[in-house]
Amino acid sequence: MAARQLKIRKVVYVLLTFLFLTFGFLSFRPLPNASADNCISYSGIVTDVLKGDGEADIVVKLKDCKNYYYINRGIDNGHSVEALKEKLIGQDVELLTISHWTPLDPLSKIRHIAEIRSVGALVYTEF
């Protein structure tokens, strides 16, 4: 009996280790580069532009939408929250976001912006 229990414990430990490593890999894999093939389009009216929780991230909120859209390191790349507020608040925009799933955000509520278009004009792009 004891040998059988040890064998079961080993199998359980191996499975738990595998699941832990898989979860870690899926959680911390890098965001892919933006391309036309891996982007999803969202449209709406911008209600707010603000500094994100990240060091230099910029968050864009759309009317009647619970998702958060962000420009990674936007402030470091020369964009300002104030300038984007002037250009975007109240405007109908199209956001292209990178399609990327992670177990840390299983419902994909936080989306990385690859491109912003407002009234046919290109406001921001990573392409």
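This tour goes through a predicted model one selection at a time, from the whole chain to single residues.

**The whole chain**

Begin with the protein chain in cartoon view, where two helices and six strands are to be found, arranged along the sequence in the pattern α-β-β-β-α-β-β-β. The radius of gyration of the chain is 20 Å, well over the 14 Å that the globule rule gives for 127 residues, so the chain is more spread out than a compact globule. If you align the view to the principal axes, the C-alpha atoms fill a box of roughly 75 × 30 × 30 Å. Switching to a surface representation brings up an accessible surface of about 8,700 Å², with 59% of that area belonging to carbon and sulfur atoms. Of the 127 residues, 31% are buried, and among contacts with a separation of 6 or more, 56% are between residues 24 or more positions apart.

**Helix H1**

Select residues 2-28 next, which make up helix H1. Its end C-alpha atoms are 39 Å apart, and this agrees with the span expected for 27 residues at 1.5 Å a residue, which is also 39 Å. How many of the residues of H1 are buried? The count is one among 27, so to speak a helix that is hardly covered.

**Valine 49 in strand E1**

Move on to valine 49, which is found in strand E1 and is buried, with a relative accessibility of 0%. Show the residues around valine 49 and, leaving out those up to four places away in sequence, you will find it touching Ile58, Val59, Val81, Leu84, Lys85, Leu88 and Ile89; helix H2 covers residues 81-88, and strand E2 covers 58-62. For a contrasting distance, draw a line from the C-alpha atom of valine 49 to that of alanine 36, which is 13 residues away along the chain and 25 Å away in space.

**The tyrosine pair**

Now select tyrosine 42 and tyrosine 69 and display their side chains. The count of aromatic pairs comes to one, and these two residues form it, as a tilted pair with 5.3 Å from centre to centre and 55° between the planes. The pair links distant parts of the chain, since tyrosine 42 belongs to strand E1 (residues 39-51) and tyrosine 69 to strand E3 (residues 68-71), 27 residues apart. Is each ring's residue buried or partly exposed? Tyrosine 42 is partly exposed, with a relative accessible area of 23%, whereas tyrosine 69 is buried at 1%.

**Threonine 97 in strand E4**

Keep both tyrosines on display and add threonine 97, which is placed in strand E4 and is buried, with a relative accessible area of 0%. Beyond its neighbours up to four places away in sequence, threonine 97 touches Tyr42 and Tyr69, and also Asn38, Cys39, Ile40, Arg111, His112, Ile113 and Ala114.

**The cysteines**

Cysteine 39, one of the residues touched by threonine 97, leads to the next selection, which adds cysteine 65. Why is no disulfide drawn between cysteine 39 and cysteine 65? The sulfur of cysteine 39 has its closest cysteine sulfur in cysteine 65, at 16 Å, which is too far for a bond, and a search of the whole structure finds zero disulfides. Cysteine 39 is buried, with a relative accessible area of 19%, just inside a limit that requires under 20%, while cysteine 65 is partly exposed at 29%.

**Three loop residues**

Finish with the loops, taking lysine 63 to start with, in the loop between strand E2 (58-62) and E3. Lysine 63 lies 18 residues from isoleucine 45 in sequence, yet their C-alpha atoms are 5.5 Å apart. Apart from neighbours within four places in sequence, lysine 63 is in contact with Ile45 and Thr47.

Go on to arginine 73, located in the loop between E3 and helix H2, and inspect its backbone torsions: phi is positive, at about 55°, although the residue is not a glycine. Arginine 73 is partly exposed, with a relative accessible area of 33%.

The last selection is serine 108, in the loop between strand E4 (92-98) and strand E5 (110-118). Serine 108 has a positive phi near 55° and is likewise a residue other than glycine, but at 18% relative accessibility serine 108 counts as buried.

Methods
Residues numbered from 1 in each chain as written. Predicted model: local features only at pLDDT ≥ 70, side-chain atom pairs only at ≥ 80, totals over all residues. Heavy atoms only, no water. Phe/Tyr/Trp six-rings, centres within 6.5 Å; stacked < 30°, edge-to-face > 60°. Helix = DSSP H or I, 4+ residues; strand = E, 2+ residues; numbered from the N terminus. Buried < 20%, exposed > 50% of the residue type's maximum accessible area, 1.4 Å probe, protein only. Contact = heavy atoms within 4.5 Å. Disulfide = S-S within 2.5 Å. Rg over C-alpha atoms; globule rule 2.2 N^0.38 Å. Areas by Shrake-Rupley, 256 points an atom, 1.4 Å probe, with all protein chains shown as cover. Expected span 1.5 Å × (residues − 1).
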